[in-house]
Amino acid sequence: MAEEIVSLTSFSLTHVHYDPADPISYLCAWLALVPQSLCVMYVTLIWSTREVEIVLLGAGQFACEVLNFALKRFIKEERPPRMNGNGYGMPSSHAQFVTYFAVSMVLFLLFRHQPPRLEARRKDHNPMSMLERVFWSVVGLAGAFTVAWSRVYLNYHTEKQVLVGCTAGAVIAVTWFAVTSILRRFGWVAWALDIPIVRWLRVRDLVVEEDLCQSGWEKWNDRTVMRKTKDKKRS
């Protein structure tokens with residue numbers, strides 16, 4: 001009895017076409033996985049830190065993707081003639097995704113993050129300086145530009161589709177930052193954090209004023225000093 005032949009397909013979410021003879025094309029294929037990596041990062045950070053700022057950032061990212069889905073089906077512009085991809089191409093979802101993330105990080109680092117003033121800091125507290133925040137902002141924007149450019153290089157999108165995607169991502173990031181700023185100013189974020197289920201989930205709002213790595217280090221350093229002091233007293 002002949003075996004039944006099953007038609008198989010690829011998982012398009014991580015399926016990337018590239019030229020194996022071109023090292024740049026190979027690098028661009030890896031860059032195509034940046035949005036998926038950022039999604040993993042969102043889930044990991046939300047679960048591990050319970051920071052409401054990260055939850056808000058992720059909510060804006062989700063809204064950005066929903067809008068991209070709607071725009072593609074409204075505009076219905078095809079991908080380049082030598083198409084490496086399925087579905088519509090306007091605007092580029094990769095470009096919109098990474099631009100939203102990069103612009104949101106710039107807005108947070110340069111405008112929302114307010115570390116403690118010098119007189120209110122501990123002696124071992126070394127928050128990220130403005131110069132460092134500007135540096136990481138530039139790195140984020142450069143990374144977003146590289147991912148967006150890779151979509152043209154791999155022939156998944158035209159320059160116009162990528163440009164529109166970047167513009168949409170930036171506009172959504174600025175708009176969502178304004179919305180969350182209003183929510184903070186009028187106390188809606190603080191109100192939400194007092195809801196019993198939210199408190200049970202231990203959601204907090206520290207990263208706006210604290211460097212979580214620095215705060216964790218301070219707690220560990222205090223414990224280390226305390227242990228050494230006890231050991232010295234015993235000896």
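These legends describe close-up views of one predicted model.

Residue numbers start at 1 in each chain and follow the sequence as written. In this predicted model, local features need pLDDT of at least 70, side-chain atom pairs count only at pLDDT 80 or more, and totals for chains, interfaces and linings use all residues, while side-chain values use heavy atoms, with hydrogens and water left out.

**View 1. The whole chain is built from nine helices and zero strands.**
Read from the N terminus, the order of elements is α-α-α-α-α-α-α-α-α. Helices (H or I, at least four residues) and strands (E, at least two) are DSSP runs, numbered from the N terminus. The chain has 235 residues, and 34% of them count as buried. Buried means under 20% relative accessible area, exposed means over 50%, and partly exposed lies in between (1.4 Å probe, protein chains only).

**View 2. Four residues make a nonpolar patch on the surface.**
The members are Ile 24, Phe 145, Trp 149 and Tyr 153. Together they offer about 420 Å² of accessible area. Such areas come from the Shrake-Rupley method with a 1.4 Å probe; for residues, only the protein chains shown count as cover. Patch residues have over 30% relative accessible area and no salt bridge; like charges are joined within 9 Å, and nonpolar side chains (Val, Leu, Ile, Met, Phe, Trp, Tyr) within 5 Å. Which helix gives the patch its largest share? Helix H5 (residues 130-153) does, with three residues. Phe 145 sits in helix H5. Phe 145 counts as exposed because its relative accessibility is 59%.

**View 3. Glu 53 and Arg 112 form a salt bridge.**
Side chains of opposite charge can pair when their charged atoms come close. A salt bridge is a side-chain nitrogen of Lys or Arg within 4 Å of a carboxyl oxygen of Asp or Glu. In the whole structure, a search finds five salt bridges. For Glu 53 and Arg 112, the N to O distance is 3.0 Å. This pair links distant parts of the chain, 59 residues apart: Glu 53 is in helix H3 (residues 52-75) and Arg 112 is in helix H4 (residues 93-112). Are Glu 53 and Arg 112 buried or exposed? Both are buried.

**View 4. Asp 205 pairs with Arg 184 in a salt bridge.**
The closest N and O atoms of this pair are 2.7 Å apart. Asp 205 lies in the loop between helix H8 (196-200) and helix H9 (212-234), and Arg 184 lies in helix H6, so the pair ties together parts 21 residues apart in sequence. Asp 205 is partly exposed, with a relative accessible area of 27%. Arg 184 is also partly exposed, at 22%. Salt bridges link Glu 53, Arg 112, Arg 184 and Asp 205 in a network.

**View 5. Glu 77 and Lys 160 form a salt bridge.**
Their closest N and O atoms lie 3.4 Å apart. Why does this pair tie together parts that are 83 residues apart in sequence? Glu 77 is in the loop between H3 and H4, whereas Lys 160 is in helix H6 (residues 159-185). Glu 77 counts as partly exposed, at 22% relative accessibility. Lys 160 is partly exposed too, with a relative accessible area of 48%.

**View 6. H5 packs against H6, and H1 packs against H5.**
Two packed helices are described by the angle between their axes and the distance between the axes. Axes are lines fitted to C-alpha atoms, for helices over the stretch in contact, and angles run from 0 to 180 degrees between N-to-C directions. The angle between H5 and H6 is about 155 degrees, with their axes 9 Å apart. H5 and H6 are therefore roughly antiparallel to each other. Angles under 35 degrees count as roughly parallel, over 145 as roughly antiparallel, 65 to 115 as roughly perpendicular and the rest as oblique. Helix H1 (residues 23-31) meets H5 at about 120 degrees, with their axes 9 Å apart. That makes H1 oblique to H5.

**View 7. Two loop residues have a positive phi: Arg 50 and Asn 155.**
Arg 50 is not a glycine, yet its phi is about 60 degrees. Arg 50 sits in the loop between helix H2 (34-49) and H3. Arg 50 is partly exposed, with a relative accessible area of 21%. Asn 155 is not a glycine either, and its phi is about 70 degrees. The loop between H5 and H6 holds Asn 155.
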